[in-house]
Amino acid sequence: MADEQEIRQLELLCKQLYESQETSIRAEAEKGLVVFQEGPDALTKCQVLLDRGDSCYAQLLAATTLTKLVSRNAQALGLQQRVDIRNYVLNYLATRPKLPAFVVQGLVSLFSRITKLGWFDTHKEEYVFRNVVSDISKFLQGSVEHCMIGVQLLAQLTCEMNQISDVEANRSLTKHRKIASSFRDTQLFEIFRLSCSLLGTARENCKNLNFNDEAQHGLMTHLLKLSQNCLTYDFIGTTTDESSEDLCTVQIPTSWRPAFLDSTTLELFFDMYHSLPATLSSLALCCLVQISSVRRSLFSNTERSKFLAHLVNGVKHILQNPRGLSDSANYHEFCRLLARLKSNYQLGELVMVENYPEAIQLIAKFTVQSLQMWQFAPNSVHYLLSLWQRMVASVPYVKATEPHLLETYTPEVTNAYITSRLESVAVVVRDGLEDPIDDLGMVQQQLEQLSVIGRCEYEKTCTLLVQLFDQSARTYQEVLANSQSQQIDVTVQEGRLTWLVYIIGAAIGGRVSFNSNEEHDAMDGELVCRVLQLMNLTDSRLSQGGCEKLEQAMLSFFEQFRKIYVGDQVQKNSKVYRRLSDVLGLADEATVLSVFIRKIITNLKYWGRSEQIISKTLQLLNDLSVGYSCVRKLVKLDEVQFMLNNHTSEHFPFLGNAVAVNEMRCRSMFYTSLGRLLMVDLGEDEDRFHNFMLPLTGSFERIGTLFSASETPMFSTDETKKALIGLSRDLRGLAFAFNTKTSYMMLFDWIYPSYIPILLRAIELWYHDPQVTTPVLKLFAELVQNRSQRLQFDVSSPNGILLFREASKIICSYGNRILNVEVPKEQTYPLKLKGMSICFSMLKAALCGSYVNFGVFRLYGDEALDNALNIFVKLLLSIPQSDLLDYPKLSQTYYVLLEYLAQDHMAFLSTLEPHVFLYILSSISEGLTALGGRLNTYTDTMVCTGCCATLDHIVTYLFKQLTQKAFPGKKPVVPISDMFLKVLEVHPEILQQILSTVLNVIMFEDCRNQWSMSRPLLGLILLNADYFNQMRENIIRSQPPDKQAAMAQWFENLMEGIERNLLTKNRDRFTQNLSTFRRDINDSLKGPNVNTSVSDMMTS
């Protein structure tokens, strides 16, 4: 009876979870269900819930709980148990075909997961989970509901085999790949043919099908999805990022050739598109997109031509009957299909297709219409432009005798894009619609494509742009001159000019050096003159306000013009400069650069209120200041000298205190550019340096005066904070630019000892406010960075030690205070962890800069080093271990710092308290398995490699301590503390666990840094010889009998010729042996029934 009550309670909790409106009731129900899922008798209760069938929510709970149980550890359930669950699910679905869709989906997912995880399981030499098609075909012969469940089972199984679950990402990617490959080779083609056969039957009966009937509509949906899942399968294990799927080729296996050589497969999906309603036809197009992307090497040249002809005919037929394309999903998939025509086939092949002239005419007409309907499906335009961009880019390489006709149709596409964007402006402004130009990411992408398309028949493109620009500019001037004109008319003209300036910038950016000609350069000159004349007009009106979007377009234009016509690689006799000289009197590059700088100064003066314009303007200045010859020409300009002598808020309002704190970030970039410009002629001229620093000196003096009143009511906190934040950002920019010894020493002598105490005082006052601490800490992190070996102090100079002392004070002052600050959990990173991360970065830069002899500190009783290291330990212990990997920036700074500590400061690490040492070892163990975790590929590989290096230093130190030999006349080295050894005596399982982790990754994971992993492994084996031997025996015993001898031999080969030392020669031999060992293991995994987890074996 109690069981009955318990089951009823579970059903009630499920009802509350899914139906209750009260958040608190749902939360309580969820807690109760989690307890049930974790319970020991969950399996039997799940069966009871399913057998009762009283509550659909309880059925869903049972299905998801069983899926979790199976996923968590498939081996914990016996083989017979798993077979029974699988058969139970199939029978359950067969006897209850009218279950709610979500229950069916839950049970289908359970079937797929249990089949995948047991794919290599055998009983009496028979694979027990592989007879899927024969088991499911019984469903396909039943009612519509049964048939739908059967198709759903196959679709979900195909999807499950193809995707990596979280469990697999954290366990073994290699095992997932073996299963996916085996499924591909043994089942997938049969499933694909079955789906095509069922679709063929549906095509014949299409007139009799009622798509308003939910069951029949559902069956067709699942059938098409099954075909789609087969065609989108990851055939060769590339696991490409989904965002780049439009670049990929479908790597169909050679055994599938018959399905594609025969045009019936292609025709089937085109027929399905034409005969199905709009709600389904987009899925047919989706399958066609994949079929059109089949790898080229599947066909011979004649076969490919034949296949392409069928494909082009199918596309042509859709364009001749475009009724279905009014549906946005169909339209989007069709645009993708058109893009694949060129991404997978060469223009030379397309022009040889019999119906090419007719097809390209229809495609051009469709593209023009699509561009003119700019409000309909704007996300699909990318694919159409991609097709034309690729075709135009291929023109120089076409050797076919047939005409490609692009010179006829491409100008129509260019014209349609430009005119449709201009016409959209009036509609957007008058109707208050969302402006397409606000989506700058999309606009930039389209302009990049247009820059190539517009270069086809460039004379026509330029003529059109000149005509439209002159017309809009003339109207704009008339509207401005007419006092009666309304603001809306001004806004429309500014919007049109904004598009034109963006497009002109793109057209100029489309110039390619290998295919340039002087006539095109002369045309570019015409376009540039017009934009610069417009700029003179808009700049003259800035005191009355300006158009922000138009200014952004100008900056985009300048950036394109800079890339093509300004810099070290540009021909100075270009016809662009001749035209600029004739029209605007800009005779050479230096005068053009003066226009750039004047524009930059104008923007910085008038646009302080717009962060976007300021940051883009500063990016342009930064780009100009990087080039070797360009920066030397810039320095000679009066405008640049003006900037170097007048960098104050009076001339550049964005440097003032009136700006919001979050907009001060761009000041660092401004001062980096000024620093580069200053350094060109600075040499050793200290007077020039101090004159340049006068505004910053004044700021520091004012802040110092304000601080002296910090205890009085007169103290202005906000004003002082803002001044300090801005100053810290300015100095960080300068410190980054001063990458020579001379310039850095001038800065160091200026800031130390006069102004460092002010920064320290700021940390003491506002340690809890990251708006202040982040810029100050980042400034210090830059000062201690030995960039380009600039920190080469003289032999008699104490500056290296003095600099480290100050860094130590800052770290300790911030660290000791931030430890006591309580913050909400969701604010932990911005309010605490970010500052700690910068401190770790600062300490690492100082420790590895090679400008301080750290042995001196202890020798003379200076506590600066010990204080910094001790505060590092305190900060580390305050961070929950999960956070170390949850925040990638923190991961990088912590693990890199730890590596340098283990490399150069083992004396300090060996004195740590046991709980600290255990925390560090535990974090290393976590970092080793970071691969495939929450970080990105670059970060997690870096973290894992750093952990290997750290572990290697620790293991080597321990090994040396344990194997010291006494020689006559040699005193044994007595460590400062043998705490390390004591901890490991009490907790030998720590290094043993790490040993098994490393071995597991090397043997069974997708190990991206095998060399790094091999270095600590030898030391771990030598320190834990008995444990390694025991683990080896367990691994060998867990293999199938026919593989045990081979596994034993591989372990023998691994240790062959390895001596009991950690000399480089011995390590290198071990690394070579390990490479062979891993290769042998990987080859063996292709066979069945291999136990692929050391962690399961080593605990026995």
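A charge sits over a ring if NZ of Lys or CZ of Arg is within 6 Å of the ring centre and within 35 degrees of the ring normal. The exercises below treat a predicted model, in which local features need pLDDT of at least 70 and side-chain atom pairs count only at pLDDT 80 or more, while totals for chains, interfaces and linings use all residues. Residues are numbered from 1 along each chain as its sequence is written, and side-chain values use heavy atoms, with hydrogens and water left out.

**Exercise 1. Charges over rings**

Task: find which arginine lies over the face of tyrosine 458, and at what distance from the ring centre.

Solution. The arginine is arginine 455, placed at 3.9 Å from the ring centre of tyrosine 458. A further case is arginine 130, which lies over the face of tyrosine 127 at 3.7 Å from the ring centre.

**Exercise 2. Aromatic pairs**

Task: state how many aromatic pairs a search of the whole structure finds, then classify the pair of phenylalanine 689 and phenylalanine 738.

Solution. Rings of Phe, Tyr and Trp (its six-membered ring) pair if their centres lie within 6.5 Å, and planes under 30 degrees apart count as stacked, over 60 as edge-to-face and the rest as tilted. The search of the whole structure gives 39 aromatic pairs. For phenylalanine 689 and phenylalanine 738 the ring centres are 6.1 Å apart and the planes stand at 55 degrees, so this pair is tilted. Next, locate the partners, remembering that helices (H or I, at least four residues) are DSSP runs numbered from the N terminus. Phenylalanine 689 belongs to helix α32 (residues 686-692), whereas phenylalanine 738 is in the loop between α34 (717-737) and α35 (741-751), and the pair thus links distant parts of the chain, 49 residues apart. Both phenylalanine 689 and phenylalanine 738 are buried, where buried means under 20% relative accessible area, exposed over 50% and partly exposed in between (1.4 Å probe, protein chains only). Elsewhere, ring pairs link Trp119, Phe183, Phe189, Phe192, Tyr233, Phe235, Trp256 and Phe260 into a cluster.

**Exercise 3. Two packed helices**

Task: decide how α7 is directed relative to α8, and name the residues that make the contact.

Solution. Two packed helices are described by the angle between their axes and the distance between the axes. Axes here are lines fitted to C-alpha atoms, for helices over the stretch in contact, and angles run from 0 to 180 degrees between N-to-C directions. Helix α7 (residues 132-140) and helix α8 (residues 144-162) pack at about 150 degrees, and their axes are 7 Å apart. Angles under 35 degrees count as roughly parallel, over 145 as roughly antiparallel, 65 to 115 as roughly perpendicular and the rest as oblique. Helix α7 is therefore roughly antiparallel to α8. On the α7 side the contact (heavy atoms within 4.5 Å) is made by Val132, Ile136, Phe139 and Leu140, and on the α8 side the residues include His146, Cys147, Ile149 and Gly150.

**Exercise 4. Helix spans**

Task: compare the end-to-end reach of α20 and of α27 with the span expected for each.

Solution. The expected span of a helix is 1.5 Å times one less than its number of residues. Helix α20 (residues 406-431) has 26 residues and reaches 37 Å from its first C-alpha to its last, close to the expected 38 Å. Just after α20, glycine 432 takes a positive phi of about 65 degrees. Helix α27 (residues 589-606) has 18 residues that should span 26 Å, and its end C-alpha atoms are 26 Å apart, which agrees. Because 13 of the 18 residues of α27 are buried, this helix is largely enclosed by the rest of the structure.

**Exercise 5. Backbone exceptions in loops**

Task: find where serine 788 and serine 850 lie, and whether serine 788 is buried or exposed.

Solution. Serine 788 lies in the loop between α37 (770-783) and α38 (799-818), and has a positive phi of about 50 degrees although it is not a glycine. Its relative accessible area is 54%, so serine 788 is exposed. Serine 850, in the loop between α39 (828-847) and α40 (855-859), likewise is not a glycine yet has a positive phi, of about 60 degrees. With a relative accessible area of 69%, serine 850 is exposed. Finally, the peptide bond from tyrosine 752 to proline 753 is cis, with omega near 5 degrees, and proline 753 is in the loop between α35 and α36 (756-766).
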